[in-house]
Amino acid sequence: MINLGIDIGTTTICAVAYDLASGKLLESVTKDNGSFIKENGFDKLQDPKIITKKVFELAEYLTAKYENIG
């Protein structure tokens, strides 16, 4: 079985397809986060709708490419 991993960072959002049986990273895809809507000093507010959309785009890409991803 191939596993899907997702990392939501403040700069980028990354998804990987990883084969646990073989220990191989099959693919890694990254998108700019780009969800900042307001900065106030050290605080940076982000739009969760933008983040969610990008996460689903990455997940859909990898699940379409790898049939037995979970």
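**Close-up 1. A salt bridge within helix α1 joins E57 and K53.** In this predicted model, the closest N and O atoms of E57 and K53 are 2.6 Å apart. Both residues lie in helix α1. They are four residues apart, about one turn of the helix. K53 counts as exposed, because its relative accessibility is 53% and the exposed class is over 50%. Salt bridges that share partners extend the view: K31, K53 and E57 form one network.

**Close-up 2. E57 also forms a salt bridge with K31.** Here the closest N and O atoms are 2.9 Å apart. The pair links distant parts of the chain. E57 sits in helix α1 and K31 in strand β3, 26 residues apart. E57 is partly exposed, with a relative accessibility of 27%. K31 is partly exposed as well, at 30%. Both values fall in the class between buried, under 20%, and exposed, over 50%.

**Close-up 3. K65 and E27 form a salt bridge between helix and strand.** The closest N and O atoms of K65 and E27 are 2.8 Å apart. K65 belongs to helix α1 (residues 48–65) and E27 to strand β3 (residues 24–32), so the salt bridge ties together parts that are 38 residues apart in sequence. The two partners differ in exposure class: K65 is partly exposed, whereas E27 is buried. Their relative accessible areas are 46% for K65 and 13% for E27. E27 is buried because its 13% is under the 20% limit. The salt bridge count for the model comes to three.

**Close-up 4. N33 is buried in a loop.** N33 is found in the loop between β3 and β4 (36–40). Its relative accessibility is 0%, so N33 counts as buried. Which residues does N33 contact, leaving aside its neighbours within four places in sequence? The partners are G9, T10, T11, T12, I13, Q46, I50, I51 and K54. Strand β2 (residues 12–19) contributes T12 and I13 to this list. Helix α1 (residues 48–65) contributes I50, I51 and K54.

**Close-up 5. Strands β1 and β2 form a hairpin.** Three residues stand between the two strands. Strand β1 covers residues 2–8 and strand β2 residues 12–19. The strands pair in the antiparallel sense, over seven bridges. Two opposed positions can be picked out. N3 in β1 stands opposite Y18 in β2. L4 in β1 stands opposite A17 in β2. In a regular strand, side chains alternate between the two faces of the sheet.

**Close-up 6. An open sheet of three strands has the order β1-β2-β3.** The pairing is antiparallel. Which strands lie at the edges? They are β1 and β3, and each pairs on one side only. Neighbouring strands of this sheet are turned by 15 degrees against each other on average, direction ignored.

**Close-up 7. Helix α1 packs on the sheet.** The helix touches β1, β2 and β3. Its direction makes about 150 degrees with that of β3. Two salt bridges also run between α1 and β3. One of them pairs K65 of the helix with E27 of the strand, so it ties together parts 38 residues apart in sequence. Another pairs E57 with K31, 26 residues apart.

Key
Residues are numbered from 1 along each chain as its sequence is written. This is a predicted model: local features need pLDDT of at least 70, side-chain atom pairs count only at pLDDT 80 or more; totals for chains, interfaces and linings use all residues. Side-chain values use heavy atoms; hydrogens and water are left out. Two strands pair if DSSP finds at least two bridges between them. A salt bridge is a side-chain nitrogen of Lys or Arg within 4 Å of a carboxyl oxygen of Asp or Glu. Buried means under 20% relative accessible area, exposed over 50%, partly exposed in between (1.4 Å probe, protein chains only). Contact means heavy atoms within 4.5 Å. Axes are lines fitted to C-alpha atoms, for helices over the stretch in contact, and angles run from 0 to 180 degrees between N-to-C directions.
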